[in-house]
Amino acid sequence: MEILEKFLSNYTLITILLFAAMIYAAVASAKVKSTFHKYNQLYVSSKICACDAARQILDLNGLYDVQVIRVAGNLTDHYDPKKKIIALSDSVYGSASVGAIGVAAHECGHAVQHAVGYGPIKLRNLFVPVVNICSKAWVWIFMIGCAFGSLQLAEVGIVFFAVIVLFQLLTLPVEFNASNRAIDTLIKTGILYGEEVAGARKVLKAAAMTYVASLLVSIMQLLRLIASTRRRRR
Ligand SMILES: [Zn+2]
């Protein structure tokens, strides 16, 4: 407890750690792009394209009602649980590369999580409406609190921000689990083979690291906000 007290009173150290986390986030983002680029040029021996691989994985899990569609942009791939749609980006949809199939299988992993009622994703979904409010409101509440010298109001803003951090934390098991499901299925179905599995694993790991990095940035931002209000109190 005393260590935490000491740490929170060291505003300079917290600021340095925040910058370190931001640099790590930039590196993680560059890494996911370069890894995807590398494995987007390595084609799978099964010759199946990402959209067909996704269809096969969905059917295997009995998810016949989930559609696979093409969406514009780069790394815009996602699963929409409301519309029951797996959206694959231009560079993924028709590609028979290790990278593209890894991404498609990961999104299928999310569809399976919803279908089987995977605990962390249910909990995360409960948070969504609250998080939407918190991410819009926290900065205003905090700034108004600071402007009018109300530390209590500033602290309400910080609590709102903490909810966002908690949501990011809940995102981690969901993302890691979707990737693990993806790799397992790709091996089981024989869509990927040998070295290709290691490639897909690298792509999905690089993507997961961006979630870890943004969580670290948010944690440091949260600690910096707490430290700043403590400084004002003194
Ligand atoms: Zn994901």
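Here are some worked exercises on a predicted model of a single protein chain.

**Exercise 1. Get your bearings**

Task: work out how many helices and strands the protein chain has, and in what order the elements run.

Solution:
- Start with the count: the secondary structure comes to eight helices and three strands.
- Now walk from the N terminus, and you'll read α-α-α-β-β-β-α-α-α-α-α.
- For overall dimensions, take the principal axes: the C-alpha atoms fill a box of roughly 65 × 35 × 30 Å.
- Next, burial: of the 234 residues, 32% count as buried.
- Finally, look at contacts with a separation of 6 or more, where residues 24 or more positions apart account for 74%.

**Exercise 2. Sort out the sheet**

Task: find the strand order of the sheet, say which strands stand at the edges, and describe the pairing.

Solution:
- A general reminder before we begin: strands of a sheet pair through backbone hydrogen bonds, either parallel or antiparallel.
- The sheet here is open, with three strands in the order 1-3-2 and mixed pairing.
- Strand 1 (67-71) and strand 2 (78-80) each have a single partner strand, so they stand at the edges, and one side of each is left without a neighbour in the sheet.
- As for twist, neighbouring strands of this sheet are turned by 30° against each other on average, direction ignored.
- Take the parallel pair: strand 1 and strand 3 are joined by five bridges, and R70 stands opposite L88 in strand 3.
- Then the antiparallel pair: strand 2 and strand 3 (residues 85-89) share three bridges, with H78 partnered by A87 of strand 3.
- Check the hairpin of strand 2 and strand 3 too: it has four residues between the strands, and K84 takes a positive phi near 55°.
- What about cover? Four of the five residues of strand 3 are buried, so call this strand mostly covered.
- Helix 3 (residues 50-60) lies across strand 1 and strand 3, and runs at about 160° to strand 3.

**Exercise 3. Classify the helix pairs**

Task: decide whether each of three helix pairs is roughly parallel or roughly antiparallel, using the fact that an angle over 145 degrees counts as roughly antiparallel.

Solution:
- Helix 2 with helix 8: helix 2 (residues 11-39) and helix 8 (residues 195-233) pack at about 160°, with their axes 8 Å apart. That angle makes helix 2 and helix 8 roughly antiparallel. Their crossing is left-handed, and the contact has 22 nonpolar, seven polar and four charged residues.
- Helix 6 with helix 7: the axes of helix 6 (residues 119-147) and helix 7 (residues 151-189) come within 7 Å and cross at roughly 150°. Helix 6 is therefore roughly antiparallel to helix 7. This crossing is left-handed, and by class the contact has 26 nonpolar, four polar and one charged residues.
- Helix 7 with helix 8: here the axes come within 10 Å, crossing at roughly 170°. So helix 7 is roughly antiparallel to helix 8. Counting the contact by class gives 25 nonpolar, six polar and five charged residues.

**Exercise 4. Zoom in on one alanine**

Task: find out whether A105 is buried or exposed, and which residues beyond its sequence neighbours it is in contact with.

Solution:
- Place the residue: A105 sits in helix 5 (residues 98-116).
- Apply the cut-off: a residue is buried if 20 or more other C-beta atoms lie within 10 Å of its own.
- A105 has 27 other C-beta atoms within 10 Å, so it's buried.
- Now leave aside neighbours within four places in sequence: A105 is in contact with A53, I57, A182, T185 and L186.
- Map those partners onto elements: helix 3 covers residues 50-60, and helix 7 covers residues 151-189.
- One last pair to check is A105 and A50, which are 55 residues apart in sequence but 8.0 Å apart in space, C-alpha to C-alpha.

Key: Residues are numbered from 1 along each chain as its sequence is written. This is a predicted model: local features need pLDDT of at least 70, side-chain atom pairs count only at pLDDT 80 or more; totals for chains, interfaces and linings use all residues. Axes are lines fitted to C-alpha atoms, for helices over the stretch in contact, and angles run from 0 to 180 degrees between N-to-C directions. Helices (H or I, at least four residues) and strands (E, at least two) are DSSP runs, numbered from the N terminus. Angles under 35 degrees count as roughly parallel, over 145 as roughly antiparallel, 65 to 115 as roughly perpendicular and the rest as oblique. A crossing is left-handed if the near helix is turned anticlockwise from the far one by less than a right angle, and right-handed if clockwise. Ala, Val, Leu, Ile, Met, Phe, Trp, Tyr, Cys and Pro count as nonpolar, Asp, Glu, Lys and Arg as charged, and the others, Gly among them, as polar. Two strands pair if DSSP finds at least two bridges between them. Two residues are in contact if their C-beta atoms, placed from the backbone, lie within 7 Å. A residue is buried if 20 or more other C-beta atoms lie within 10 Å of its own, exposed if 12 or fewer, and partly exposed in between; C-beta atoms are placed from the backbone.
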